[in-house]
Amino acid sequence: MGGDFLSCLEQAGRMGIFLGACLASAVRPPYKLNPVVRQMHFIGSRSTFVILFTGAFTGMVLALQGYYTLRKFGSEGLLGAAVALSLIRELGPVVAALMVVGRAGSAICAEVGIMRNSEQIDALECMAIDPYKYLMAPKFIAGILSMPLLTAIFDMAGIVGGYLVGVTMLGVNKGAYFQQMYASVVWNDVEMGLVKSLVFGLLIIWIGAAKGYFLHLERSGGFGAEGVSRVTTDAVVLSSVAILVWDYLLSAIML
């Protein structure tokens, strides 16, 4: 138990130093736009379809469940407000982040892990190229910028999906759907979703990149294909848990 505890402390310290070095590299000149754009294309643009798809069906099931719950109290007109608030404050940032973890976070961890495995990161250091600035900083900037945009797309797709089910299929008044949404959603709700998406973007890139970067220091053995698959699985699980934990913490702070 003592060895496991000390190992967890050591890993936490490594990841904390890694985060500080990456953030410092991200704000230190020179600034290069092309690597950031490439990473935004990988993390953001290529995640758009899955975000649209899951967002639409999340809004549809929210509208379906919400309608039959609100109908018991004769409050079907509040369906738009219920769908919008649920998406903007909670489900949008959380589900979008979980989708990005599965699509981009795992790929980043595997990519960095393979680079560590094949000694490409060591080669960069031998050539006096800072791996934090060259490899990690563009990923951090792209992840932090992409997540709010993906969350906004998720929210819009969910609202449209809720409209299709609530108004088109179940007969809720169209004016009431949008009017209640307009009356209920305030800037604090949007701000909460924005802050959560920024934090989740940072968590996804941080955990995925750090797990791959420190592949060779894993106690259970890090080299080879098995090591890469193990740290990738660990990164996905840890990122998902961290997202849910920070979702609660941010909600408790901002409510």
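A disulfide is a covalent bond between the sulfur atoms of two cysteines. Here, two cysteine sulfur atoms count as a disulfide when they lie within 2.5 Å. Keep that cut-off in mind for the cysteines below. The structure is a predicted model.

**Overall build**

Start with the secondary structure. The chain has 9 helices and 0 strands. Read from the N terminus, its elements run α-α-α-α-α-α-α-α-α. Along the principal axes, the C-alpha atoms fill a box of roughly 70 × 45 × 30 Å.

Next, look at how the chain packs. Of its 255 residues, 43% are buried. Take the contacts with a separation of 6 or more: residues 24 or more positions apart account for 86% of them.

Now the surface. The chain exposes about 12800 Å². Carbon and sulfur atoms supply 69% of that area. As for charge, there are 17 positive and 16 negative side chains. The centres of these two sets lie 6 Å apart.

**Annotated regions**

UniProt, in an unreviewed entry, places the feature "transmembrane region" at residues 49-68, 140-172, 193-215 and 235-254. Two of these spans are compared here.

| Span | Distance between end C-alpha atoms | Helix | Strand |
|---|---|---|---|
| Residues 49-68 | 29 Å | 100% | 0% |
| Residues 235-254 | 27 Å | 100% | 0% |

In the model, residues 49-68 are 100% helix. Residues 235-254 are also 100% helix.

**Cysteines without a bond**

How many disulfides does the structure hold? The count is 0. Distance tells the story for two cysteines. For cysteine 22, the closest cysteine sulfur belongs to cysteine 109, and it is 13 Å away. That is too far, so cysteine 22 forms no bond with it. Cysteine 8 also has its closest cysteine sulfur in cysteine 109, at 17 Å. This gap, too, is too far for a bond.

Is cysteine 22 buried or exposed? It is buried, because its relative accessible area is 0%.

**A buried arginine**

Where does arginine 14 lie? It sits in helix H1, which covers residues 2-27. Its relative accessible area is 16%. Buried means under 20%, so arginine 14 counts as buried. Which residues does arginine 14 touch, leaving out those up to four places away in sequence? They are Phe214 and Leu217.

Technical notes:
Residues are numbered from 1 along each chain as its sequence is written. This is a predicted model: local features need pLDDT of at least 70, side-chain atom pairs count only at pLDDT 80 or more; totals for chains, interfaces and linings use all residues. Side-chain values use heavy atoms; hydrogens and water are left out. Helices (H or I, at least four residues) and strands (E, at least two) are DSSP runs, numbered from the N terminus. Buried means under 20% relative accessible area, exposed over 50%, partly exposed in between (1.4 Å probe, protein chains only). Contact means heavy atoms within 4.5 Å. Accessible areas come from the Shrake-Rupley method with a 1.4 Å probe; for residues, only the protein chains shown count as cover. Lys and Arg count as positive and Asp and Glu as negative; His and the chain ends are not counted. The place of a charge is taken as NZ of Lys, CZ of Arg, CG of Asp or CD of Glu. UniProt positions are given in the numbering used here, feature names are shortened, and annotations may be inferred rather than shown by experiment.
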